[in-house]
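The following note sets out numbered points for a colleague who has the coordinates open. It begins with a single backbone feature and then turns to the sheets and a pocket.

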Amino acid sequence: MGGLSMDQAFVQAPEHRPKASVAEADGIPVIDLSPLLAAGDGDADGVDALAAEVGRASRDWGFFVVVRHGVPAEAVARAAEAQRAFFALPPERRAAVARSEAAPMGYYASEHTKNVRDWKEVFDLVPRQTPPPPTTAVADGDLVFDNKWPDDLPGFREAMEEYGEAVEELAFKLLELIARSLGLRPDRLHGFFKDDQTTFIRLNHYPPCPSPDLALGVGRHKDAGALTVLYQDDVGGLDVRRRSDGEWVRVRPVPHSFIINVGDIIQVWSNDRYESAEHRVAVNVEKERFSIPFFFNPAGHTMVEPLEEVVSDESPARYNPYNWGEFFSTRKNSNFKKLDVENVQITHFRKN
């Protein structure tokens, strides 16, 4: 990984280090989306049943696996191939497209999660580059979402743009199922994502690690956005904290699937009916691992708060409104460098 070597910055606190063996998760919901893709106006029952399944998974697990999801296998294969080609470039070529604090798209090899460095290198990009890239206004300036494309890597940009378009289509379908599962009209959440989305795609590379008992590819965390659509290769390493007993369990890769994480925004919109899943990534000595999360995020100007349809006198709003653009840029900066304080969480907006 361009000379990455094990040092103290990667070492997790003893209570957060992975155990030597992690049980494989069983009972994780695997949802076949083909009824939604095939549904004409006449198959409302099939779609309602699917929405109920998504609702149960979001409530009980905070994530689920989707198969027969409509994203072409060729688009996934091209993106995965382009990803491997990028991380095979010499270090100086990767560094030529490095991200900066003000322009957070591009290559980066010292991401922090909860102030501990992750054993990984990443490349971030936004799937929509037309019209001009959105800027997210924050107190100390604007974050500019402008892609940095590597030179001389034929087909890289095209593969990523094709992948982004196909996965965004899936993300909107999932948003519809989540809205239906909450008893809302199917397009109730779509408006938050129409203009100036802050959605981004991350290419993750987890090299073999000499001390997988001390470090993590990504430390424990919850996803801050609305939904994450995750492609992972067949190596495995994604762990999720099981609700029933708080134990970490390993999510086995399912061929031709995506893992869907419910993010904090949906937890807030649903007023805690659904809860985002805490997860982490373990690394290993022998094998490198690749994954591609698609972080589906609303426009920066969105004020996130429980939806009026899900609150009532009996079930009052559990969160104060917060501005997504400010929240997102604060999280981005805390991931960029080690801070002396905990990074911002939705619990900070919870009403007493």
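1. Just after helix α5, G183 adopts a positive phi of about 75°. The model is a predicted one, and this angle should be read as a computed value of that model.

2. Helix α5 itself covers residues 156-181. Its 26 residues should span 38 Å at 1.5 Å a residue, and the end C-alpha atoms lie 37 Å apart, which agrees.

3. Eight strands make up an open sheet with mixed pairing, in the order β1-β2-β14-β11-β16-β9-β6-β3. β1 (30-32) and β3 are the edge strands, each of them paired on one side only. From one strand to the next, the twist averages 25°.

4. The β3 edge of this sheet can be followed inwards. Strand β3 (residues 106-108) runs antiparallel to β6, and 3 bridges join the two. Within this pair, Y108 stands opposite V122 of β6.

5. How many residues of strand β6 (residues 121-125) are buried? The count is 5 of the 5, so the strand is largely enclosed by the rest of the structure. E121, F123 and L125 point one way from β6, while V122 and D124 point the other way, and all are buried. This arrangement follows a familiar pattern: in a regular strand the side chains alternate between the two faces of the sheet. The reader may wish to note that E121 and D124 are among the buried residues of β6.

6. On its other side in the sheet order, β6 is followed by β9. β6 and strand β9 (residues 200-206) pair in the antiparallel sense over 5 bridges. Two facing positions illustrate the register: L125 has I201 of β9 as its bridge partner, and V122 stands opposite N204. V122 thus appears in two pairings, facing Y108 of β3 and N204 of β9.

7. Strand β9 has 7 of its 7 residues buried, so β9 too is largely enclosed by the rest of the structure. Both of its faces are covered, with F200, R202, N204 and Y206 on one side and I201, L203 and H205 on the other.

8. Beyond β9 comes strand β16 (residues 289-296), which runs antiparallel to β9 and is joined to it by 5 bridges. Here I201 stands opposite F294; I201 is also the bridge partner of L125 in β6. β16 is in turn joined to β11 by 6 bridges, again in the antiparallel sense. In that pair, the bridge partner of L227 is F296 of β16.

9. A separate entry concerns 4 strands that form an open, antiparallel sheet in the order β10-β15-β12-β13. β10 (218-221) and β13 (248-250) stand at the edges with a single partner strand each, so one side of each is left without a neighbour in the sheet. Neighbouring strands are turned by 20° against each other on average, direction ignored. Strand β12 (residues 238-241) pairs with β13 over 3 bridges, and R241 stands opposite W248 in β13.

10. The second largest pocket has a volume of about 340 Å³. Of its 18 lining residues, V76, Y231, P255, H256 and S257 are the closest to the centre. The elements that give two or more residues to the lining are α3 (73-87), β11 (227-232) and β14 (258-262). By type, the lining divides into 12 nonpolar, 4 polar and 2 charged residues. Both β11 and β14 also belong to the sheet of 8 strands.

Terms used:
Residues are numbered from 1 along each chain as its sequence is written. This is a predicted model: local features need pLDDT of at least 70, side-chain atom pairs count only at pLDDT 80 or more; totals for chains, interfaces and linings use all residues. Side-chain values use heavy atoms; hydrogens and water are left out. On a 1 Å grid over the protein atoms alone, a cavity is a set of points where a 1.4 Å probe fits but cannot get out, and a pocket is an open set with protein on both sides within 12 Å along at least five of seven lines; lining residues have an atom within 4 Å of a point. Grid points are joined across faces, edges and corners, and a volume is the space filled by probe spheres set on the points. Ala, Val, Leu, Ile, Met, Phe, Trp, Tyr, Cys and Pro count as nonpolar, Asp, Glu, Lys and Arg as charged, and the others, Gly among them, as polar. Two strands pair if DSSP finds at least two bridges between them. Axes are lines fitted to C-alpha atoms, for helices over the stretch in contact, and angles run from 0 to 180 degrees between N-to-C directions. The expected span of a helix is 1.5 Å times one less than its number of residues. Buried means under 20% relative accessible area, exposed over 50%, partly exposed in between (1.4 Å probe, protein chains only).
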